[in-house]
Amino acid sequence: MAPAAPFNPPAPDAPGKPYVEPWNIPPITKQTENFAELTSIDLSLLDSEDPAVQADLVQQVKRAIREDGFLFLENYGVTLEQLHRQFALAQYTHTKMSQEDKDRLLFDPDTGRWAGYKHPYGFKKFKGPADGIEQFNWYKEQWENRNLVPECLQPFLDEIEAFANYLTYSVNKRLLILFSRVLELPDDWLWDNVQSKGSPTGEGYFRHAIFRPVQKETSEASKGLRMHGHTDFGLTTLLFSVPISCLQIWGHDEKWTYVPYKPGALVINIGETLEIVSGGHFKATRHRVFKPPADQLNSERLSIVQFNSSIGDLRMTPAAASPLIQREGCVEEQGVYKEFKRLMDAGVPVPTNSQWREIQIAEATDPTDTVRNSIGQDQIMLDGKLFQKREYFGVKVLLPV
């Protein structure tokens, strides 16, 4: 396989581009306890000419995604300088977007998509209690129609689009090669059969987000949560590591721990689509966004994320051609795969990928919603433990609170 080409973005100082302030990188926390240890994968090793090096890389990935569902990705082709330019553009998004554009491009989650601008008042179009989270999300139509993008960002669309394209068609494509190898399938099996295409993000989306400090009453209402514990419903999520520690994962010890900062690294988590395709061998990552350590409570957390999605009209089932699945069977004691299998065994059609992701967006609740987030509503006690429950199309999922 030919070595992957490094990211080669358009010039940031081309004629007509306004000056963009460098990313104001916040200091990391001094707290050292309650941090997870994640496997770090060097993606450049996929280009090694030594078969033993590649085989060892596949085994590292196999352990990480079967046991943790989370991993760090390094040496994936984007330099730290190039990445910091993208963070500067994300920062520019949330300092320069006009109120007129915020109103004009306001999202409508009832459609089952986050496309456009998310206001800092919860995850519904109407304004609920302040949550301090603002986003701009690019879907296919945002890439195709400049008028659906904030005016302040239009001079930089070449850079942002090139970055999203590289993440999809280089970084994620190589990741899926590794995951296909774990399933002992041809290298391009997941890319050819599951990954959506047709835009810089396929049917997925690219996000600039900022988490601003919240008032005491908001934090108390949400019990410190910024986003509920959840698993992503897509294929893979590419989240860039940032200094403000808010992201937490659910570990084998059934405790939440912060993901540490690793400059330049991508944090990769496995979505429910891959859990289903792998027959439960891959673990969809349980994670949440929580208030940061005490010394970062007054800091803003800037975030860049790409959500890679499967083909929308597919109904996901395990990859029957996988020698791993044929040899070891499926893993049925965890997550959404167990529920999908229950429906399939009963002869009930499972939801399509687009149905599965869109209903979850349309039905999303906010951590500040003290009515829905109570026992008997969206939460239940099971064996003395508190869970958030979801049920869509007959698929029941419990996630730890």
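In what order do the three strands of the open sheet line up? They go β13-β14-β15, and the pairing is antiparallel. Keep in mind while you look at these close-ups that this is a predicted model.

**View 1. The open sheet of three strands, with a helix packed on it.**
The edges of this β13-β14-β15 sheet are β13 (379-382) and β15 (395-400), each of which pairs on one side only. Neighbouring strands here are turned against each other by 40° on average, if you ignore direction. Zoom in on β14 (residues 385-392) and β15: six bridges join these antiparallel strands. One spot to find is K389, whose bridge partner in β15 is L398. Helix α11 (residues 353-362) packs on the sheet, where it touches β14 and β15. The direction of α11 makes about 120° with that of β14. As a bit of background, strands of a sheet pair through backbone hydrogen bonds, either parallel or antiparallel.

**View 2. Helix α10 and its cover.**
Helix α10 spans residues 335-345. Its buried residues are V336, Y337, E339, F340, K341 and L343. So what covers them? The cover includes α8 (272-277), α11 and β15, and you have already met α11 packing on the sheet in View 1. Just after α10 comes G347, which takes a positive phi of about 75°.

**View 3. Helices α1 and α5 crossing.**
Here helix α1 (residues 51-67) packs against α5 at an angle of about 85°, and their axes are 9 Å apart. That angle makes α1 roughly perpendicular to α5. On the α1 side, the contact is made by Q54, L57, V58, V61, K62 and I65. On the α5 side, look for L178, F179, R181 and V182. Sort the contact residues by class and you get seven nonpolar, one polar and two charged.

**View 4. A closer look at F179.**
F179 sits in helix α5 (residues 157-182). Is F179 buried or exposed? With a relative accessible area of 0%, F179 is buried. Leaving out residues up to four places away in sequence, F179 touches V61, I65, L190, T236, I270, L274 and F282. Two names in that list, V61 and I65, also turn up on the α1 side of the helix contact in View 3. V61 is a good one to pick out: 118 residues separate F179 and V61 in sequence, yet their C-alpha atoms are 7.6 Å apart in space.

**View 5. Q195 in its loop.**
Q195 belongs to the loop between α6 (189-193) and β5 (205-211). Q195 is buried, with a relative accessible area of 1%. Which side chain does the side chain of Q195 make a polar contact with? The partner is the side chain of N172, at 2.8 Å. Beyond its neighbours within four places in sequence, Q195 is in contact with T168, N172, L176, L190, L235, N308, S309 and I311. L190 may ring a bell, as F179 touches L190 too.

**View 6. Strand β8 and its two partners.**
Strand β8 (residues 247-250) pairs in the antiparallel sense with strand β11 (residues 287-290), over three bridges. In this pairing, Q248 stands opposite R288 of β11. β8 also pairs with strand β9 (residues 256-258), again antiparallel and over three bridges. For this pairing, find I249 and its bridge partner T257 in β9. The hairpin of β8 and β9 has five residues between the strands, and E254 takes a positive phi near 60° there.

Technical notes:
Residues are numbered from 1 along each chain as its sequence is written. This is a predicted model: local features need pLDDT of at least 70, side-chain atom pairs count only at pLDDT 80 or more; totals for chains, interfaces and linings use all residues. Side-chain values use heavy atoms; hydrogens and water are left out. Helices (H or I, at least four residues) and strands (E, at least two) are DSSP runs, numbered from the N terminus. Buried means under 20% relative accessible area, exposed over 50%, partly exposed in between (1.4 Å probe, protein chains only). A polar contact is a pair of N or O atoms within 3.5 Å; within protein, one must be able to donate a hydrogen and the other to accept it, and residues adjacent in sequence count only if both atoms are side-chain atoms. Contact means heavy atoms within 4.5 Å. Two strands pair if DSSP finds at least two bridges between them. Axes are lines fitted to C-alpha atoms, for helices over the stretch in contact, and angles run from 0 to 180 degrees between N-to-C directions. Angles under 35 degrees count as roughly parallel, over 145 as roughly antiparallel, 65 to 115 as roughly perpendicular and the rest as oblique. Ala, Val, Leu, Ile, Met, Phe, Trp, Tyr, Cys and Pro count as nonpolar, Asp, Glu, Lys and Arg as charged, and the others, Gly among them, as polar.
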